[in-house]
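User: I'm new to this one and would rather understand one part well than skim everything. Pick a strand that makes a good starting point, and walk me through what surrounds it and how the rest of the picture builds from there.

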Amino acid sequence: MKIRRRAAAYGVCRSTDGGVLLTRGSEACAFPGVWSLPGGGIDQGEHPDDTVVREFVEETGLDVRIVGVRAVLADLARLPDDSIEHTDRIIYDVEVTGGTLRPEADGTSDLVEWADPADRPLLPFVAGVLGVPFEATAIDGPFAAPERTGPVQRFGAYALATDPAGRILLTLIADGYPGGGHWHLAGGGTDFGETPEQGLARELYEETSQQGRITGLAGISHRYDPAAVGPEGVPLDWHVIRVVYRVSVEQPVAAAVTESAGGSTAQAAWFTADEARNLPLTELARDALAQAG
């Protein structure tokens, strides 16, 4: 069985009368005639914020600005060729700032309308986002990891984790890996068929031995390093898309790396805010701690 993985960004845009902007799948897409939110695949090296703005222009003719992040999802779909596709989806709330409404030309959609979502056949993830009842189709694993060919695009979930004393949980990246020697947020790439929340819980325990509770979404970021070199010494055209969650660890234990974490994490530890400020931090950890104050 062939499996595929992709990351995509979409926007929920509402009119003043409550309608939602929807696009209809063309004959060039996997599910023609089914309606979706404007959006699509994140290009290699592209920030998801830029993806949703670009896709709105391409599919609807409208310029939009992001007003918030609504949700981060992952789902499996069986495609017409019988392959299984895992899609990581970032859903934004957006508003129109200009442009003229028109359908996409020669693309994966052929019509765009302001509509009542309950009146249209919707892709399952769209129905879920908009609160329209739908019948879910289970796709059972386990699945092997998709074969890596060419550029690497990875979707990761990370924890801005704190305990009741206000300490911050960080992990040290092992030498030989991108960012080696720097302290990082606990987390990492999600597995095929895994939601961001499931991946975060697994990574948090594997890398730090902690169990935590997600309390909110801290932000979306990315890092593109076309010259990155992996631990085997092989060059990687490396693009990681990252969702950062706020996590409360209400019963902290001694931070320790488990065997199942693999070799990329050398150490885990709790730090006070003052201690963390004096550490060599990755860009992700530095930005997340600055945002948290």
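Analyst: **Starting from strand 10**

Strand 9 (residues 168-173) sits beside strand 10, the two pairing in the antiparallel sense over 3 bridges. Two strands count as paired if DSSP finds at least two bridges between them. The elements themselves are DSSP runs numbered from the N terminus: helices are H or I with at least four residues, strands are E with at least two. One of the links here is L172, whose bridge partner in strand 10 is W183.

Before going on, a word on what you're looking at. This is a predicted model, where local features need pLDDT of at least 70 and side-chain atom pairs count only at pLDDT 80 or more, while totals for chains, interfaces and linings use all residues. Residues are numbered from 1 along each chain as its sequence is written, and side-chain values use heavy atoms, with hydrogens and water left out.

Strand 10 has another partner, strand 8, again in the antiparallel sense, this time over 4 bridges. A159 has its bridge partner in strand 10 at A186. As a bit of background, strands of a sheet pair through backbone hydrogen bonds, either parallel or antiparallel.

Is strand 10 mostly covered or mostly open? Covered: strand 10 spans residues 183-189, and 7 of its 7 residues are buried. Buried means under 20% relative accessible area, exposed means over 50%, and partly exposed is in between (1.4 Å probe, protein chains only).

Now step over to F155. Setting aside its neighbours within four places in sequence, F155 is in contact with G188, G189 and T190, and also with R5, A7, V72, D88, I90, P196, I241 and V243. Contact here means heavy atoms within 4.5 Å.

F155 also belongs to a bigger story. It is among the residues with the most contacts inside the largest nonpolar core, along with F56, Y92, V243, Y245 and V247, and that core has 29 residues. A nonpolar core is a set of buried Ala, Val, Leu, Ile, Met, Phe, Trp, Tyr and Cys residues joined through side-chain atoms within 4.5 Å. The elements giving it two or more residues are strand 1 (3-12), helix 1 (48-60), strand 5 (62-78), strand 6 (84-99), strand 8 (152-162), helix 3 (196-208) and strand 12 (235-248). Apart from this core lies another, of 22 residues, and there you'll meet L172 again, with I168, L170 and W238 also among its members.

Several of those contributors come together in an open sheet of 4 strands, ordered 4-1-6-5, with mixed pairing. Its edges are strand 4 (39-41) and strand 5, each pairing on one side only. From one strand to the next, the twist averages 20 degrees. Strands 5 and 6 pair in the antiparallel sense over 15 bridges, with V69 opposite Y92 in strand 6.

What lies across this sheet's strands? Helix 1 does: it lies across strand 1, strand 4, strand 5 and strand 6, running at about 100 degrees to strand 5. That angle is taken between N-to-C directions on a scale from 0 to 180 degrees, with axes as lines fitted to C-alpha atoms, for helices over the stretch in contact. Helix 1 has 13 residues and reaches 18 Å from first C-alpha to last, close to the 18 Å expected at 1.5 Å a residue. The expected span is 1.5 Å times one less than the number of residues. Its buried residues include F56, plus P48, T51, V52, E55, E59 and T60. They cover an arc of only 130 degrees around the axis, so they sit on the same side of helix 1; the arc is that of the directions from the helix axis to the C-beta atoms. Right after helix 1 comes G61, with a positive phi near 80 degrees.

Helix 3, the other helix feeding the 29-residue core, also has 13 residues and also reaches 18 Å, close to its expected 18 Å. Its buried residues are P196, G199, L200, E203, L204, E206, E207 and T208. P196 is also one of the contacts of F155. Just after helix 3, S209 takes a positive phi of about 70 degrees.
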